[in-house]
Amino acid sequence: MSEIIKFPSRMEVEMRARSVSELRQTLSGFRDSLVGAQTAALEGATVKLVSPGDYPVERIAGVDDSVNWIKATTEDRLYGLLATRVISFEKGRHYRMENACERCPKKYMHDVDLRRVEDGGDIVVWEFEDDDHRDRFKKDIPFEGMLGDKLVKWRMAYGEDEQLIERVSDGNPNAKTDELSLRTRIVEVEGINSNDISKWLESLGDERLELQDMMSEATHGVDLVVDTKCVWCNSSQEATIPFDLEFWIPVVARERDRRRDRRDKALMRAAQRR
Ligand SMILES: [Zn+2]
């Protein structure tokens with residue numbers, strides 16, 4: 001089964017369903033790299049590039065109508081992962097996620113429909129809001145805006161940036177990945193030497209939020225934050241859809257695994273007794 005998926009960038013890709021064992025194999029091959037696993041999962045689900053949408057075709061088109069996923073925006077990659085789950089499993093659009101309440105603080109379950117809001121789901125997707133942004137993206141011209149008296153230029157985040165950040169922060173619990181991802185996207189700050197941009201970012205204080213708002217307004221994207229309600233204290237809580245193993249392997253398959261594990265252990269114990 002395959003389906004043509006329309007991405008936040010307006011790119012269209014024919015994607016196919018993948019079996020649980022295929023997905024499991026893909027993901028287990030990349031235990032030390034989440035970005036690698038996600039790229040492989042996207043590649044495995046891709047049948048062909050139908051339309052490049054807002055991308056320059058030379059950036060996104062791979063060999064033989066494939067998609068160069070590492071060059072796709074982070075936003076499109078996330079959307080592709082959601083879409084893969086939806087088309088792969090009969091109940092793939094229903095995702096039951098666990099969230100810890102920030103108020104009580106107990107855990108509760110929340111059901112998400114992983115389809116777009118337009119299709120009756122819970123996922124909000126937005127495209128570039130105007131032709132200027134679209135045009136800049138297409139021609140690889142940075143976006144720009146004023147922060148105080150400084151002109152700041154930035155670009156979107158791509159899979160290869162995620163790869164770089166993962167490599168740099170590997171095994172380093174103190175890595176400031178938020179800061180790194182902001183740094184990789186900033187191309188130029190008026191009056192600041194490019195070697196000093198990290199230092200400048202650290203010095204921003206409240207203006208940093210302003211910068212982040214400015215950057216997130218000029219983008220296409222997918223909202224992974226969903227509104228939930230704590231079943232224990234009834235308070236409204238925001239929760240972010242995760243991309244861990246739990247997300248990929250449906251509960252039924254996990255149950256089957258657990259049963260198999262228990263059986264294997266029982267057999268092993270029986271063998272040891274003999
Ligand atoms: Zn609560």
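Okay, the sheet. In this predicted model, three strands line up as E1-E2-E3 in an open sheet, with antiparallel pairing. Why does one side of E1 and of E3 have no neighbour in the sheet? Well, E1, residues 2-6, and E3 sit at the edges with a single partner strand each, so one side of each is left free of a sheet neighbour. Going from one strand to the next, the twist averages 25°.

Let's look at one of those pairings. E2 and E3 run antiparallel to each other and are joined over four bridges. If you want a spot to find on screen, Glu14 stands opposite Lys48 in E3.

Now on to helix H2. That's residues 34-45, twelve of them, and the helix reaches 17 Å from first C-alpha to last, close to the expected 16 Å. Which residues of H2 are buried? Those are Val35, Ala37, Gln38, Thr39, Ala41, Leu42 and Ala45. And what do they pack against? Two strands from our sheet show up here, E2 (12-16) and E3 (46-51), along with helices H1 (20-28), H4 (74-88) and H6 (159-169).

Let's zoom out to the domains. Domain 1 covers 2-126 plus 222-252, and domain 2 covers 131-219. Their C-alpha centres are 24 Å apart. Where they touch, domain 1 puts in 14 residues and domain 2 puts in 13. H2 comes back here: H2 and H4 each give at least two residues to the side of domain 1 that touches domain 2. As for the make-up of that side, you've got six nonpolar residues, four polar and four charged.

Note on methods. Residues are numbered from 1 along each chain as its sequence is written. This is a predicted model: local features need pLDDT of at least 70, side-chain atom pairs count only at pLDDT 80 or more; totals for chains, interfaces and linings use all residues. The expected span of a helix is 1.5 Å times one less than its number of residues. A residue is buried if 20 or more other C-beta atoms lie within 10 Å of its own, exposed if 12 or fewer, and partly exposed in between; C-beta atoms are placed from the backbone. Two residues are in contact if their C-beta atoms, placed from the backbone, lie within 7 Å. Domain bounds come from an automatic or database domain assignment. Ala, Val, Leu, Ile, Met, Phe, Trp, Tyr, Cys and Pro count as nonpolar, Asp, Glu, Lys and Arg as charged, and the others, Gly among them, as polar. Two strands pair if DSSP finds at least two bridges between them. Axes are lines fitted to C-alpha atoms, for helices over the stretch in contact, and angles run from 0 to 180 degrees between N-to-C directions.
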